[in-house]
Amino acid sequence: MTPIFQFEGIYTPVVTPFHEDGSVHWDALADVIEYLVGAGVHGLISGGSTGENYAQTVGERLEVAKFTRERSKGRVPLIVGTGAMMTPDSIALATGARELGADAILLATPPYSVPTERENALNALAIDKAANLPVMLYNYPGRMGVHMGEEFLDRVGRSRNICAIKESSGDINRVHLLARDYPHIQMSCGMDDQALEFFAWGARSWVCGGSNFLPEEHVALYNACAVQGDFSKGRRIMSAMMPLMRVLEQGGKFIQCIKHGVTLNGIDTGPMRPPLKGLNKDDKRALEQVIKVLKRTIADIQAEG
């Protein structure tokens, strides 16, 4: 069965800039959107965890999504995150996504409740029905408590809207499972330090927070592996990116690093909403050095042609 939507390329889960009082900094968000579209990312995700969705109301999330849709002007696809603890909230987000003209939704397991496979599938299908849009599932057991396992995938896979899955478990065996047993569900990289492995197993898209501030470098890895099939070049680019991946995936300050990276590009993303706090001076200095070396190394690789 041919998917109704093809997820191809780099999809950026957009940060939400805030003023010091915690209100959304709309001008900065507009600048982030323009920067990303201009830099060549292939799609935007509004309302993901990188956008601090857990610290926003449903109304705020829909307002940010609508703004993102209006500012991106259809130049790239817009995916709206529907993840929430309560099913009615997810359904409200899904319905809102449809009404504002989103191209697809990102659908996660509700955190903390630890649903069974059947319960999780029924929840997902209810959200799918409300949106009636292409769906990218989001498997992140580290945050949600459970896997989107085989029973879940067998149940939800009957819906034609289920097009892809962002796999963020960190378990390489899941990559093998999805590639071999569920080829009709497009596999998207959701674990940044495994991007090369995902592409080697046929992934055609990558949802990556780091593309908020290093879009060209993330696109370079996608082009080398998924477009050109040049995994020798891809390994060199990935090797240059690994110090950043270790900082992002293993440092425990993912969103803080992403927002500081965007600020380094000249767009002030402001503070995080509580309970998160910003990076200290040592963390900032270490991140800045990693970024500096990464950009120089990948620029050299790209210059070789």
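Start with the second largest pocket: 24 residues line it, and Tyr140, Arg143, Leu248, Glu249 and Phe254 sit nearest its centre. Keep in mind that this is a predicted model. The largest pocket comes in at about 560 Å³, and the structure also holds two cavities of 30 Å³ or more.

**Second largest pocket**
- Helix H10 (231–250) and helix H11 (254–264) are the elements that give two or more residues to this pocket's lining.
- H11 chips in the most, with three residues.
- The volume of the second largest pocket is about 440 Å³.
- Sorted by class, its lining has eleven nonpolar, eight polar and five charged residues.

**Largest pocket**
- Here 26 residues form the lining, and those nearest the centre are Ser49, Asn53, Tyr54, Gly83 and Pro111.
- At least two lining residues come from each of helix H2 (58–72), strand S4 (104–108) and helix H5 (141–144).
- The lining of the largest pocket splits into 13 nonpolar, ten polar and three charged residues.

**Largest cavity**
- The largest cavity encloses about 60 Å³ of space.
- It has 13 lining residues, with Val14, Thr16, Ser46, Gly47 and Val64 closest to its centre.
- Strand S2 (43–46) and H2 each put at least two residues into the lining of this cavity, and H2 has the largest share, with three.
- By class, the lining of the largest cavity has five nonpolar, seven polar and one charged.

**Shared element**
- H2 is worth a look in the viewer: it supplies at least two residues to the lining of the largest pocket and three to that of the largest cavity.

Methods:
Residues are numbered from 1 along each chain as its sequence is written. This is a predicted model: local features need pLDDT of at least 70, side-chain atom pairs count only at pLDDT 80 or more; totals for chains, interfaces and linings use all residues. Side-chain values use heavy atoms; hydrogens and water are left out. On a 1 Å grid over the protein atoms alone, a cavity is a set of points where a 1.4 Å probe fits but cannot get out, and a pocket is an open set with protein on both sides within 12 Å along at least five of seven lines; lining residues have an atom within 4 Å of a point. Grid points are joined across faces, edges and corners, and a volume is the space filled by probe spheres set on the points. Helices (H or I, at least four residues) and strands (E, at least two) are DSSP runs, numbered from the N terminus. Ala, Val, Leu, Ile, Met, Phe, Trp, Tyr, Cys and Pro count as nonpolar, Asp, Glu, Lys and Arg as charged, and the others, Gly among them, as polar.
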